[in-house]
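Student: Could you teach me how to read a protein model, one feature at a time?

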Amino acid sequence: MVKTIGIVTSGGDAPGMNAAIRAVTRVAACRDVQMLGFERGWDGLLSNCYRKLTPRNVGGIIQTGGTILHTLRCPAFEQPQSIEVAAETLRQNNVDALVVIGGDGSFRGALELSKRSGVPMIGIPATIDNDVYGTDETIGFDTAVNTAVGAIDKIRDTAISHERIFIVEVMGRKRGFLALEVGICVGAEVILIPEKPLDTCDVIKIMEASSKKGKRAGIIVAAEGFGDSSKLTQEMQKQTSSEVRLSIVGYSQRGGSPTARSRLLASLFAEKAVNLICEGKGNLVVGLQNGVISSLDMEKSARGSKPLDLRLLQVAEMLSV
Ligand code: ADP
């Protein structure tokens with residue numbers, strides 16, 4: 001019988017992580033399972049640093065961004081000796097299963113720890129990048145999309161008033177999920193993503209065609225991983241007659257109060273995670289697949305590459321005629 005579940009948030013923070021911590025703790029309490037919250041990502045398992053989570057001490061956090069357990073990137077955890085230390089922490093505290101809230105990197109760490117400790121792991125995907133294989137959406141993605149859309153709507157006011165082109169950089173070092181969705185929602189003239197890079201000439205051609213159609217301002221949404229946005233800005237400024245400015249939305253996308261959608265996803269993923277543990281299952285990642293809360297083998301999720309629907313680029317192109 002499951003008596004103790006550990007929980008850790010790892011990797012980059014995402015709005016809705018707190019909602020997930022709260023929901024895991026409360027569903028566990030309903031099943032008479034105690035919760036240990038390890039602090040500061042994998043580092044908490046290396047230093048045996050945790051606090052007991054109860055339905056009361058996770059109150060008032062559903063609406064807050066970040067993670068009350070803190071998070072970090074922990075390169076030390078990739079060493080076999082570290083994994084053994086973390087396994088010993090789980091043994092010492094009689095942890096029956098561990099819930100890992102994070103992205104694919106955190107799940108790779110969880111798999112190593114499970115191999116060494118025998119403790120089953122359940123992953124809850126939370127990252128604003130939405131790049132976890134096996135779930136249509138991750139916790140925090142919807143919030144980040146809304147934050148970036150809000151910022152770009154404001155930038156568009158200036159773009160229109162001054163008849164300028166704005167290149168707006170949003171997060172996404174490796175993948176373009178955020179940029180693509182944001183680009184459609186703000187009516188961007190061009191969307192630049194790592195999966196389908198365009199060179200400066202292509203971008204200029206699109207913007208010149210847009211100007212010929214009577215558009216006197218424009219928004220280019222660029223994922224940070226598409227290339228060098230300040231170089232693109234300088235080149236466009238030199239090679240066109242338009243005024244071109246760069247605006248970087250930055251870390252505001254990672255924080256802030258989670259949207260209703262991120263809170264709902266966090267709550268439902270958490271409930272599924274505790275249920276799986278109580279059913280004796282492990283090494284799975286919970287997810288949303290075609291509208292259904294489901295689960296997928298953690299190994300597959302951690303190694304898989306989530307496909308991006310590039311057809312959406314064509315939709316964005318049609319919508320910017
Ligand atoms: P995310 O979980 O958001 O993808 P990272 O890729 O930064 O974030 O991974 C978070 C942490 O997971 C890393 O800092 C490291 O501690 C751990 N990790 C990642 N890959 C491995 C691995 N192969 N073995 C052990 N730990 C890993």
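Tutor: We will look at two helices and then at two domains, keeping in mind that this is a predicted model.

Student: What length does helix 3 reach from its first C-alpha to its last, and what is expected?

Tutor: The length of a helix can be set against an expected rise of 1.5 Å a residue. Helix 3, residues 80-92, has 13 residues and reaches 19 Å, which is close to the expected 18 Å.

Student: Which residues of helix 3 are buried?

Tutor: A residue is called buried when its relative accessible area is under 20%, and exposed when that value is over 50%. In helix 3 the buried residues are Ser82, Ile83, Ala86, Ala87, Thr89 and Leu90. They lie on the same side of helix 3, because they cover an arc of only 155° around its axis. On the face turned away from that buried side, helix 3 carries the exposed residues Pro80 and Gln81.

Student: What covers the buried residues of helix 3?

Tutor: The cover includes strand 2 (34-38), strand 4 (97-102) and strand 5 (121-125), together with helix 2 (43-46) and helix 4 (104-117). Just after helix 3 comes asparagine 94, which takes a positive phi of about 50°.

Student: Why is helix 6 described as largely enclosed by the rest of the structure?

Tutor: Here one counts the buried residues along the helix: in helix 6, residues 177-186, 7 of the 10 are buried, so the rest of the structure largely encloses it. Those buried residues are Phe177, Leu178, Ala179, Leu180, Val182, Gly183 and Val186. Among the elements that cover them are helix 5 (141-162), strand 6 (164-170) and helix 11 (311-319). Helix 6 is followed by glycine 187, whose phi is positive, near 70°.

Student: Which domains does the assignment give for the chain?

Tutor: A domain may be made of more than one stretch of the chain, as domain 1 is here, with 4-140 + 258-303, whereas domain 2 is given as 144-254. The contact between them takes 11 residues from domain 1 and 10 residues from domain 2.

Student: How much area is buried between domain 1 and domain 2?

Tutor: About 810 Å² is buried between the two domains, and carbon and sulfur atoms give 51% of this area. In domain 1, the residues that lose the most area to domain 2 are Asp13, Ile128 and Asp129, which together make up 50% of what that side buries.

Student: How many salt bridges are counted between domain 1 and domain 2?

Tutor: The count is 1 salt bridge. The side chains of aspartate 13 and arginine 254 meet in a salt bridge, with 2.8 Å from N to O.

Key:
Residues numbered from 1 in each chain as written. Predicted model: local features only at pLDDT ≥ 70, side-chain atom pairs only at ≥ 80, totals over all residues. Heavy atoms only, no water. Helix = DSSP H or I, 4+ residues; strand = E, 2+ residues; numbered from the N terminus. Expected span 1.5 Å × (residues − 1). Buried < 20%, exposed > 50% of the residue type's maximum accessible area, 1.4 Å probe, protein only. Arc of directions from axis to C-beta. Contact = heavy atoms within 4.5 Å. Domains from an automatic or database assignment. Buried area = accessible area lost by both parts, 1.4 Å probe. Salt bridge = Lys/Arg side-chain N within 4 Å of Asp/Glu carboxyl O.
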